[in-house]
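Work through these exercises with the sequence and the 3D view side by side. Try each task before you read its solution.

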Amino acid sequence: MTKVRVSGQVEGFVKSLAPEPRRALRAGIKSLAPGQGDIKHLEGDLAGWCRLRVHTYRVVFKETWQNGQRLVDCVYANRRSVVYDLFKEILRSQLLKD
């Protein structure tokens with residue numbers, strides 16, 4: 001069994017879109033539960049993370065296992081042109097806090 005969790009940032013971004021891209025992105029996120037969609041494991045600074053591609057949008061997520069259940073945590077979504085740079089900055093700022 002898989003549980004897909006969506007952060008507040010992802011939820012807000014999806015809600016900000018026009019109806020058609022919003023539907024496509026929601027369907028793409030739901031497709032993560034069975035492991036479907038245009039998924040790629042990221043490399044370099046973002047190793048350990050994955051991305052889902054839906055048209056010109058990207059959702060950054062991480063898969064983990066807890067108590068025998070697969071968890072997919074969608075933590076960041078944005079347009080392809082900015083998603084990776086902004087997400088790297090968010091990760092850096094969180095690491096500096098810790």
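**Exercise 1.** Is D73 buried or exposed? The model is a predicted one, so take every value as computed.

*Solution.*
Step 1. Find D73 in strand β5.
Step 2. Read its relative accessibility: 18%.
Step 3. Apply the cut-off: buried means under 20%. D73 therefore counts as buried.
Step 4. Look for a polar partner. The side chains of D73 and R5 are joined by a polar contact of 2.6 Å.
Step 5. List the contacts. Beyond neighbours within four places in sequence, D73 is in contact with R5, V60, F61, K62 and T64.

**Exercise 2.** Find out which backbone oxygen lies 2.8 Å from a polar side-chain atom of R51.

*Solution.*
Step 1. Go to strand β3, where R51 is found.
Step 2. Check burial. R51 has 10% relative accessibility, so it counts as buried.
Step 3. Search around its side chain. The backbone oxygen belongs to D38.
Step 4. Widen the view to contacts, leaving aside neighbours within four places in sequence. D38 appears again, and the others include I39, K40, L42, R58 and Y84.

**Exercise 3.** How many disulfides does a search of the whole structure find, and why is C50 not bonded to C74?

*Solution.*
Step 1. Take the search result: 0 disulfides.
Step 2. Start from C50. The closest cysteine sulfur is in C74, 10 Å away.
Step 3. Compare with the cut-off: a disulfide needs the sulfur atoms within 2.5 Å. The distance of 10 Å is too far for a bond.
Step 4. Check from the other side. C74 is in no disulfide, and its nearest cysteine sulfur is that of C50.
Step 5. Add burial. C50 is buried at 3% relative accessibility. C74 is buried too, with a relative accessible area of 1%.

**Exercise 4.** Which residues have the most contacts inside the largest nonpolar core?

*Solution.*
Step 1. Size the core: 17 residues.
Step 2. Name the residues with the most contacts inside it: L25, I29, L52, V59, F61 and C74.
Step 3. Trace the elements that give two or more residues to this core. They are α1 (8-16), α2 (19-30), β3 (50-54), β4 (57-66) and β5 (69-79).
Step 4. Zoom in on L25. Not counting residues up to four places away in sequence, L25 touches F13, V14, L17, V54, Y57 and V59.
Step 5. Look for another core. A second, separate one has 9 residues, among them W49, V60, Y84 and F87.

Notes:
Residues are numbered from 1 along each chain as its sequence is written. This is a predicted model: local features need pLDDT of at least 70, side-chain atom pairs count only at pLDDT 80 or more; totals for chains, interfaces and linings use all residues. Side-chain values use heavy atoms; hydrogens and water are left out. A nonpolar core is a set of buried Ala, Val, Leu, Ile, Met, Phe, Trp, Tyr and Cys residues joined through side-chain atoms within 4.5 Å. Buried means under 20% relative accessible area, exposed over 50%, partly exposed in between (1.4 Å probe, protein chains only). Helices (H or I, at least four residues) and strands (E, at least two) are DSSP runs, numbered from the N terminus. Contact means heavy atoms within 4.5 Å. A polar contact is a pair of N or O atoms within 3.5 Å; within protein, one must be able to donate a hydrogen and the other to accept it, and residues adjacent in sequence count only if both atoms are side-chain atoms.
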